[in-house]
Amino acid sequence: SPVQFDESIAGLSSENEDVVLLNWTIGDPLDESAFSVFIGEEVPMLAVIWTRNYSGLADLGKEVDLIKQRLSQQLIGKRSAKEWPVVFTEQWLGQLSHLTSHRSATELRSVFGGRNVLIASPGPSLADSLPALIANRSAFIVLAPIRSLEAMFGAGVVPDFVVQVDATDFSKFIPADPLLKQVDLICADYCHPSTWGAGFRHVFTMPQPHLVGTALSRAVHDDRIVRLPGSSVSVNAAEMAAAFGASSITLIGQDLSIARGRYVSDGLSDTSLNPPISPLNLMSCRAIDGSMIDSKADYIWFIGEFGSLASRYQGKVRLINSTSFGAHLDGWEHIAFDVNPMLLGSGSDSEDSCSSLPMPYSSEEHLERCKRIIDALGIEADRVRQAIALCEQLTVACQTLADADGNDVTSIEGLEAELQTILPSGGSMLHFYASRHSMALAAATKSVESLTENLMISAEYYHSLVSRARKLARLLDAAAAQITSENFDLVG
């Protein structure tokens, strides 16, 4: 029997433009292309799967799991692209004046080049690997997410760097431990102040990948910018180590499974801090030993990202997954940590790394840095105002032609071409900041049946873009004014 939506129960109608109905016969191979309908769409926050008059309920669970996995692979990245650009941009600009004294993490290439790097992820299995890490601490430059710190500090292990890419408040996960002052932090430009203000020894910032190429990102990170993919902190750390020329990358605690819980700290602190996992988010994946283990949607996405990294750095960086229990990672060697080849003849990668860290800015260097950043903010604000003027003209032109039921779009195409020089798909703050509106436009124009309808949708889009752009211009101006005010003796 085909999977159907019972519209009388679900209250859905295929005529509703906000509803996408996919009909599929249980037992048939899943057509990957069927889920591509969601690419570019406003991301659905709810999916309803309904079957009627089907007796094979024992098999239905497996089929539904497969649907969930395929669907999540299409939606997770799109949901992030829809929700986070505004948060990332506003948080970065709002705290930029406080970050001018911190060096860019792109200056750490010499620290990682040719070294053996270990990423101590916060999965439950991290506890299994800590004794071997203690015995061989000097063999690696050790990176750790914030959630690993409680267990590592408790075992007396101090990482070289903490890596953080989350924009939310992580203060409840940062231990109040004096060892924190021995650790350097690498965080994204947009990270919450509770992270970079927690008392780490040094702070290094990394650019948001979609903003690489903007005048502001170049001013903050000079010409050494690296565009790092990866939506989890551990993937991002691995991408950074590989891009900076690490000889090998070893993973421990990278469970990507919930079979033993979610975090190593679950046994050390209040697990009520962890929100419950929705049943719709539960999935399964292949384990290191070849069996199937419980996982969840975002972990499946991260597994794919680790595989993508392996395909790009094959033959360039040795990639070893020494996690004692967890998901299998395509393209990675799976070797138990106590026989990890990087432990043979343990060197002193960790100690050497500390001696090669760049020095803090001198007052003169900070002076020049502030000037460059203020100038870049002015360049970005000018571009945004140019975009505002063009979008206002496009709004009027599209609406006027639609009202007249005309078809001469020559002037509109000219204005749009000019706008694209200001809003390229990469390296534009406004393009990134307003990406939610671009996604909505892409979704809406898929179903247009006439030029007039297209013009009306376009007029609405350009009108909304004007509103976004005006707010971005205010944020850029405010950031420049704040840096000028707080550093008046330097830049005045």
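Biologist: What share of the 492 residues in the chain is buried, and what makes a residue count as buried?

Modeller: Buried residues make up 49% of the 492 residues; the word means under 20% relative accessible area, with exposed set at over 50% and partly exposed in between, using a 1.4 Å probe and protein chains only. This is a predicted model, in which local features need pLDDT of at least 70, side-chain atom pairs count only at pLDDT 80 or more, and totals for chains, interfaces and linings use all residues. Residues are numbered from 1 along each chain as its sequence is written, and side-chain values use heavy atoms, with hydrogens and water left out.

Biologist: Why is Leu 256 called buried or exposed?

Modeller: Leu 256 has 6% relative accessibility, and therefore counts as buried. Leu 256 is placed in the loop between β9 and β10 (282-286), and has a positive phi of about 50° although it is not a glycine.

Biologist: How do you know whether Asp 405 is buried or exposed?

Modeller: The relative accessibility of Asp 405 is 59%, so Asp 405 counts as exposed. This residue, found in the loop between α11 (363-403) and α12 (410-422), also has a positive phi, near 55°, and is not a glycine.

Biologist: What makes a stretch of the chain a helix or a strand?

Modeller: Both are DSSP runs numbered from the N terminus: helices are H or I of at least four residues, and strands are E of at least two. The chain has 16 helices and 13 strands.

Biologist: Why are α11 and α12 described as roughly parallel or roughly antiparallel?

Modeller: Their axes come within 10 Å and cross at roughly 160°. That makes α11 roughly antiparallel to α12, because angles over 145 degrees count as roughly antiparallel, under 35 as roughly parallel, 65 to 115 as roughly perpendicular and the rest as oblique. Axes are lines fitted to C-alpha atoms, for helices over the stretch in contact, and angles run from 0 to 180 degrees between N-to-C directions. Contact means heavy atoms within 4.5 Å. Among the residues that meet are Leu 390 and Leu 394 in α11, and Leu 415 and Leu 419 in α12.

Biologist: How do you know that β9 and β12 pair?

Modeller: Two strands pair if DSSP finds at least two bridges between them. Strand β9 (residues 248-252) and strand β12 (residues 318-321) have four bridges, in the parallel sense; Thr 250 has Ile 320 in β12 as its bridge partner. Both strands belong to an open sheet of nine strands in the order β3-β8-β7-β6-β5-β4-β9-β12-β13.

Biologist: What makes β3 and β13 edge strands?

Modeller: Strands β3 (103-104) and β13 (333-334) each pair on one side only.
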